[in-house]
Structure formats: C-alpha cells, structure tokens
Amino acid sequence: MKKSNHEMTRRAFLGNAALTGAITAGAMTASRRAAAANDKLGVGVIGAGGRGNSHLQALKHIQDNDKTIEIRAVCDVYRPRLDRAAERYNAKGYMDHRELLADPAVDVVTIATPDHHHGYQALDAIRAGKDVYCEKPVTHWRQFELTKELAKVAADSGRVFQCGTQGMSDAAWIQMGKLVREGLIGRPIHAECGFFRVGDWGEAGMPIDDPDAKPGPDLNWEAFLGDSPKRDFDVSRFFRWRMYEDYAGGPCTDLFPHTLTPVMHIMNSGLPSMAVATGGMFRYTEREVPDTFNMLIDFPEKYTIAVLGTQGNDYQATEVRGSAARIPVIRGWEGALTVRNNEIEFIPAHGSDKKAHTIPIEKGENLLHFFQEFIECCRNGDPNTSSPMQLAYHVQTALIMSYLSLREGKVARFDHEKEMIVL
Ligand SMILES: NC(=O)c1ccc[n+]([C@@H]2O[C@H](COP(=O)([O-])OP(=O)(O)OC[C@H]3O[C@@H](n4cnc5c(N)ncnc54)[C@H](O)[C@@H]3O)[C@@H](O)[C@H]2O)c1
C-alpha cells in the first residue's frame, strides 16, 4: 500500500502553512446552525465538472424554493469550468479548495472531484468546521488508511457527513433493513446485487474540453495529481481520469458503491472478514481499470455478499430501481427479501412457517430529496444522514479489499484487532 510515501506526498501537497492555518481558523469561526434557523447556510462546491454541476443544479433548486441555503463558492483546478460555474451560480471562484474552506461565508461543502481527492478534501473540510457532502467512492482504492482516518475524524467531530450514494434516499432499503433487524428473514446468510451498463465511462464518456490544454495559471496539474504518482501533464489523464488506476478503479469503486451501500445497510454490516474478486479489461482495452468486476465478501457474522458487474452489457436479470443498480436479493435462514412490481416481497424459505407477503415502498430514489435531507441535517446539526461516513467506511473497505484482491491475485483478509487489510 506504500502508505508512508503517500503520507509524505500528502504533506508536500498540503505544504502551504498559511493556508493550513486559515483552515484551522475557519474551524473556530464556523458555528452550529441550529441556533440560527432563519439564517441561510452558505454552500461551496468543490469540483465543477459533470457531477459538481449536478450538485449545483440540485442546490440551486433548494436555494430558489426552500430558501434555506445560498450557493456562495465553487472551486476547480481548471479555470474555464470554474469561471462558467461561478458565473452561472453567482458564486465566488477558487482554484484551491483550501481557500474555499477558509471562506467564512461557507458553512457546508459538497465534493465532486476525482476519487483520489475526496478523502483529503473531506478531512480538510471537517477540520475547517464545515459539514460535508462527499461523492462516492469516499476515497480512492489505495487509500485505506485515509478512509479509516476520515471515519474517525468525522465521528469525533460531530460534523454532518453524507456520502453521495443517492440511492439511499430510496425508502425500500431502509424498510428492508428494518425488516431484517426485526427478524423477518431469520439469520442473514447471503445477499446478491450488481451493476450492469453498456459504455465505457472514460474513453468515450468523458469530454476533453480542450485537446490543447496545458498546465499554467488556468490549469493546476500538481493540484490535480494530489497524492497520486508524479507524472508529466497528459490531457487524457486530466480530462478522462476514470481510465487510469492512479485516480479511479472501474466499476468496483465507480459503480458498486451505489449497489453495495444499500445492501450493507440492509444487512447491518460492519467491516468484512475476507474478499476475493475476478474480472479485468474484457471489452475496453485502452484503459487501465477493469470493465468487468465480480466480488465476494464474507463477514464475521457468517454471511456472504456477492456483487457482479460489467460495463459490457446492461441486461439486469432483476428489476432496477433508481439507477442501473440491480435489485438485491437478501437471503436469511427463514426467508428472502427482494423488490418486485415496485413492492418489497418476502419469500419464505423452504420449510419455514412464515407466509409470503408484500410490503408497499414508502418512497423512491430522488437526488433532490437526498440533498434536501442533507441540508436539513446541517441546519439541525443532526449527524444521522441517509448515507453516513461510518457506512461509507465499511463499504469502501470491502471495495478496497476486493480491488486489491484482483490486482494482487490474492485473497484479502481483514485483521479486526489491528483494523487493517492483510494480503
Ligand atoms: N453519485 C453519482 O451518481 C455520481 C455520478 C457521477 C460522478 N460521481 C462522482 O463525482 C466525482 C466527479 O466525477 P465527474 O464525472 O464530475 O468528473 P469530472 O472530471 O467531470 O469533474 C471533476 C472536476 O474536478 C476538478 N478537479 C480535479 N482535481 C481537483 C482538485 N484538486 N480540486 C478541485 N477541483 C479538482 C476537475 O478539473 C474537474 O472539473 C467522481 O468521484 C465520481 O465518482 C458520482
């Protein structure tokens, strides 16, 4: 895992003492918003690319309709995107996220940068006293130690944290989790889920805004690299970072958070005991990350979660809710739970006395509601968001173990005493 190297690079990356000081000062001035129910929360968006603009659209809706927030700042290391977003949303533009965090007008940040920045920027934001909405995956696959640190700092800080797995706004998963905790399926033993789509998010899917773009005052390549290996500028790496292992991990880390997070919530899962994975670049070869990924994770409570997926075919085999994530099947000693015809379905196991029945789903997935719920948590200082950091830590650990399993050709185990991955 080359932890010490990354941590040294991290220190160099953060090296500017004045800015780090400004972040700490921000932590002291930021205050809990419950006291000022009529005040609007100031929001800053870090990363003004595809997803950052989706955040801004949802936030603008809340700004105009709920009138509980104001978009005050945006940040991007690429000036054309930064200027466009700053102008469109009438926000202050920053090229450096630490400057945005030092802005006392910002109470809440959303993070939509490439994966390898999420953990560091979320940590910086919490330490600056901000509440955080952070895109999935919560960290990059080589950053287990950072993930662990973020989970601890988030828990100790009491700040509001929501991971960007918007599927958690679907009541189906919350209701199924409650049914499992109440004992409907008996002891959980197995769950299956998956994610299938056609298309190479990377080569064809990510736009190169300017093929002649070069590092300079309007494009900060060093800041893009962050803790990843130092490399000369490459326009493809900058705009199509999803193709490269230094910044991304293929379906395992890009897509599976959407399907594994609900399932680990339903199963009430903590940290796994072991993981194995198969897959590779089976269709799209001009990339470094797999397009097909299958993983099996075991947990200390004696059950398995299987996640299957490919970007080479989009047939789901079961229904889909919300996104391209396949509906999970959750199996226990006494029965199974899934979703059929827009209802939760209970299927008794062979020999069980329990009766088959269905349960209506209270509400479906909705990105706007997901953001609204987050903002309400920020206003009330309520850390119990729909997709909290503790769940993201457990999910990301399972994903990292699986990614390392495929990469190293080994079974990944988790040492619960030392809280570390062993390969
Ligand atoms: N929840 C979802 O459904 C969903 C959907 C799409 C993307 N995402 C996540 O959002 C993140 C961004 O994806 P995207 O498709 O918007 O990528 P993108 O490349 O379109 O946008 C990323 C932006 O971050 C900027 N950036 C890079 N390094 C930066 C830094 N150090 N500080 C500030 N800005 C920096 C880039 O210039 C770029 O404009 C990814 O982690 C992805 O997994 C989530």
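These legends accompany close-up views of a predicted model.

**View 1. The whole chain holds 14 helices and 16 strands.**
The chain has 423 residues, and buried residues make up 57% of them. Its accessible surface comes to about 17600 Å². Carbon and sulfur atoms account for 51% of that surface. Sequence-distant contacts are well represented: of the contacts between residues at least 6 apart in sequence, 71% join residues at least 24 apart.

**View 2. Ten strands build an open sheet with mixed pairing.**
The strand order is β14-β13-β12-β11-β7-β10-β9-β8-β15-β16. Which strands stand at the edges? They are β14 (357-360) and β16 (420-422). Each has a single partner strand, so one side of each is left without a neighbour in the sheet. Neighbouring strands here are turned by 20° against each other on average, with direction ignored.

**View 3. Strand β8 pairs with β9 and with β15.**
Strand β8 covers residues 274-280, and β9 covers residues 292-299. The two run antiparallel and are joined by 7 bridges. To β15, strand β8 is joined by 2 bridges, again in an antiparallel arrangement. A275 can be followed in both directions. Its bridge partner in β9 is I297. In β15, A275 stands opposite A412.

**View 4. Strands β15 and β16 form a hairpin.**
The two strands run antiparallel, with 3 bridges between them. R413 has V422 as its bridge partner in β16. Between the strands of the hairpin lie 4 residues. E419 takes a positive phi near 50° in this hairpin. Which residues of β15 lie on its covered face, and which on its uncovered one? A412 and F414 make up the covered face. R413 and D415 make up the uncovered face.

**View 5. Helix α14 lies across four strands of the mixed sheet.**
The helix spans residues 389-408. The strands it lies across are β8, β9, β15 (412-415) and β16. Relative to β8, helix α14 runs at about 55°.

**View 6. Helices α7 and α14 cross at roughly 170°.**
Helix α7 spans residues 144-157, and its axis comes within 9 Å of the axis of α14. Why is the pair called roughly antiparallel? Angles over 145 degrees count as roughly antiparallel, and the crossing at roughly 170° makes α7 roughly antiparallel to α14. On the α7 side, the contact is made by F144, T147, K148, L150, A151 and A154. Helix α14 contributes M389, Q390, Y393, Q396, T397 and I400.

**View 7. F299 is a buried residue in strand β9.**
Is F299 buried or exposed? Its relative accessible area is 3%, so F299 counts as buried; the cut-off is under 20%. Leaving out residues up to four places away in sequence, F299 touches M264, S269, G270, L271, P272, S273 and I305. One of these contacts, G270, is 29 residues away in sequence. The C-alpha atoms of F299 and G270 are 7.8 Å apart in space.

**View 8. Six strands form an open sheet with parallel pairing.**
The order is β3-β2-β1-β4-β5-β6. At the edges stand β3 (92-94) and β6 (161-163). Each edge strand has a single partner, so one side of each is left without a neighbour in the sheet. From one strand to the next, the twist averages 20°. Strand β2 (residues 69-75) runs parallel to β3, and 3 bridges join them. V74 has G93 as its bridge partner in β3.

**View 9. Helix α6 lies across four strands of the parallel sheet.**
The helix spans residues 115-127. Beneath it in this listing are β1 (41-46), β4 (108-111), β5 (131-134) and β6. Relative to β5, helix α6 runs at about 165°.

**View 10. The cysteines form 0 disulfides.**
A disulfide is a covalent bond between the sulfur atoms of two cysteines. Why does C377 lack one? Its closest cysteine sulfur, in C378, is 6.9 Å away, which is too far for a bond. C377 is buried, with a relative accessible area of 9%. C75 also counts as buried, at 3% relative accessibility.

Technical notes
Residues are numbered from 1 along each chain as its sequence is written. This is a predicted model: local features need pLDDT of at least 70, side-chain atom pairs count only at pLDDT 80 or more; totals for chains, interfaces and linings use all residues. Side-chain values use heavy atoms; hydrogens and water are left out. Buried means under 20% relative accessible area, exposed over 50%, partly exposed in between (1.4 Å probe, protein chains only). Contact means heavy atoms within 4.5 Å. Accessible areas come from the Shrake-Rupley method with a 1.4 Å probe; for residues, only the protein chains shown count as cover. A disulfide is a pair of cysteine sulfur atoms within 2.5 Å. Two strands pair if DSSP finds at least two bridges between them. Axes are lines fitted to C-alpha atoms, for helices over the stretch in contact, and angles run from 0 to 180 degrees between N-to-C directions. Angles under 35 degrees count as roughly parallel, over 145 as roughly antiparallel, 65 to 115 as roughly perpendicular and the rest as oblique.
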